Amino acid sequence: MCDSANNGGQVYIIELNVLVLGGGGREHALAWGLAKSARVSKVFVAPGNGGTAAAGGKISNVAIGHSISDFPALIEFAQSQNIGLVVPGPEQPLVDGVADAFKQVGIATFGPSAKAARMEGSKAFSKDFMKKHGIPTAAYGNFTDFEQACAYVREAKFDVVIKASGLAGGKGVLLPGNKDEALAALRTVMVDGAFGEAGSEVVVEEFLSGQEISVLAVSDGYTVRAFPAAQDHKRAFDNDEGGNTGGMGAYAPAPVATAELLAQVQRTVLQATVDGMRRDGFPFVGCLFTGFMLTADGPKVLEYNCRFGDPETEAVLALLDYDKCDLAEVLLAACEGRLDSVPLEFAAGRSAATVIMAAEGYPGTYAKGRAIAFGSAADSALVFHSGTAQDGAQTVTTGGRVLAVTGVGSTLAEALQRAYAGVGAVSFEGAHWRTDIGARAAKLSSDKGGLTYADAGVDIDAGNRLVDLIKPIVKATRRAGTDSDIGGFGGLFDLRATGFRDPVLVAATDGVGTKLKIAHDMGIHGTVGVDLVAMQVNDIIVQGAEPLFFLDYYACGHLDVEAARDFVQGVAQGCVEAGCALIGGETAEMPGLYAGGDYDVAGFAVGAVERTDVLPRTAEIMPGDVVVGLASSGVHSNGFSLVRKVIAHAGLDLHGPCPWTDGSLGAALLAPTRIYVKPLLPLVRGRLIKGMAHITGGGFTDNVPRVLPPNVGAELDAAAWPLPPVFRWISSAGGVAPAEMARTFNCGLGMVLVVAKEHADAVVATLADAGENAYIVGQLTAYSGEGERVTVKNTSGWTN
């Protein structure tokens, strides 16, 4: 495929022939960039256009198409010309499997397999992928049934976008202005068949507002490296008027795409996408072209494309520093899984702008065959041909988008000036173009005043929106002593209203630990809100106290309002279960301290108990007392550093199937911590419980001794309660010894009680009536001060 020589272990490619598939401006730009490589001998373009036909030098056309029926002819040509690298431009051949076809004959192809190309070929597939991997995108539903799609639209609490799931030539997205228009759009796509088979399935998704950016990135299936972010112009005419097009112009880098935002995109979307595709069995090799909407809640994915964009490619390739990097080597390295070993450099302090010159009538029916005249001023710009052909010595129009004229400069304004100078030097009958390409970005640059808090990454408006969203959620937790109104400087609670006579206040504070990492990865945020409350109120009830009020603290790098709302909703749910009020909290957006999509949480709770009822009553606790255990709901909120280590050791994916129950592994592990307050309070007030231990970090061996007098120990019998499947899996998959299980996890018991032997049966029965699974699991023993104070026998059954 290419000649090479070996010198001291280093391989130097002497000659590389490249085949580019396609015939638009994107392919002309790719051929131009590839031809700059000293390692490239020839660049063939199939079928090419008038620009690639007239380019001369290394570049020439091949009269072969790129439909699936052309694959055999393309392969035969590639073999005959010793092609070492194939670069498909359009999406259709990739979806049809052109990369797979060339791979079968051993020719490196910079493009994804047909399986991986589903990310563009099926919008429904890509949306489900994003949901599975927690990649930020709009709320959506996928439908093949017209009536079900209509029902979703009617019930939606947001404006919607209608998308044909399949490839529709860039025209399969409809933007209705209201529900009636949305229902009409569904009929157009699903019943009338406006987009043919592409519309047999539709995606109905939330309409997102904000600025759009496009990010082209090169991937080898592991590493992903982005080009400068671009912004394009879809509408045909100035001021975003007229019909949608394939793109009337683009510029890069987009000023709105700050370094911090791009770092967030790299981490939360690009790398997450490539990692997810690899884990799902279809690694992505090629150009991942992702469209984003920069919403108030952060960047969200609009769509994936599995190839270079057009006209973005014409702009971003003009920014490569061809003295420091080699485009052909970058693409070949991606094909060979060594992208991290080659440089990908862009010219510092440079901007590029591309203006599309379109044919008369475009984006509708357009004229063809009109002669194009190129003036000398066009030499100051790069003129890539999109829809042209050679008719003898004359270049003529053949497509709707005819030319992509690109200017490069030290500023965006200079790049635009050169691009429009190039446009002015070209003429053909009926030509039209937009005159406002880059105007929004240029205005942003010129109007930029003093720095604001938003420039530092803190969105006060988002914080205010969050408060408005959660006020009704918080209100639902009100109880005697407070109305649970939030928004003031502090939360008020009237202790007198609770009826306590001689109360002692009990306070607790805690977090959720590394269980949050699983919540981040899964994009499930409500359950950890319940966890946060549970950790505090369960600690309060063991003192015999009734939880009264709760405050939460949410710290993040970037405030995702929806994620924060879901978290607070979980906190409120936990408060309702515990009978305490959520009376306040703090949301702290701290860019630079936390990564953009990450957050941490903490909680603070206060309860009260009559002075005479404080637990444990250590003076009454003695050998012979019985230990009663209450079933847990799972791992609860401790030991997740070890759980995550076991998952990595087992080579499992959080989004993959759970080994012990239905659904995904991540969702099963996020089962919220059980809250024991309401079943236990009657027993506490009836003085049937002498002491309690909340089984958290440290398991039985560290937590049970905290309620025992110095001369008392405990013996637990592991055969007395069932070990939940999650713990049996952790022990088996991680090879975790029973003793380590007992000192790390709750192993199926989230709370243990110390009760007098004569009260044990009544306590178990009362708990059963309250819906709890309770077991007599051991007894207290005399402790001499030597050996283990708390022992767990019969743990051998945990490993069977």
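A salt bridge is a side-chain nitrogen of Lys or Arg within 4 Å of a carboxyl oxygen of Asp or Glu. This is a predicted model, where local features need pLDDT of at least 70 and side-chain atom pairs count only at pLDDT 80 or more, while totals for chains, interfaces and linings use all residues. Side-chain values use heavy atoms, leaving out hydrogens and water, and residues are numbered from 1 along each chain as its sequence is written.

Q: What makes Glu546 and Arg479 a salt bridge?
A: Their side chains meet at 2.8 Å, N to O, and the cut-off is within 4 Å, so the pair qualifies.

Q: Why is Lys300 called buried?
A: Buried means under 20% relative accessible area, exposed over 50%, and partly exposed in between (1.4 Å probe, protein chains only). Lys300 has 4%, so the word buried fits.

Q: Why is Glu562 called partly exposed?
A: Its relative accessible area is 27%, so Glu562 falls between the two limits. Glu562 also forms a salt bridge with Lys300, the closest N and O atoms being 3.1 Å apart.

Q: How do you know that Cys575 and Cys580 are not bonded through their sulfur atoms?
A: A disulfide is a pair of cysteine sulfur atoms within 2.5 Å. The sulfur of Cys575 is 3.8 Å from that of Cys580, its closest cysteine sulfur, so the two are too far apart for a bond.

Q: How many disulfides does this rule give?
A: The count is 0. Cys306, for one, is in no disulfide, as the nearest cysteine sulfur, in Cys287, is 9.3 Å away.
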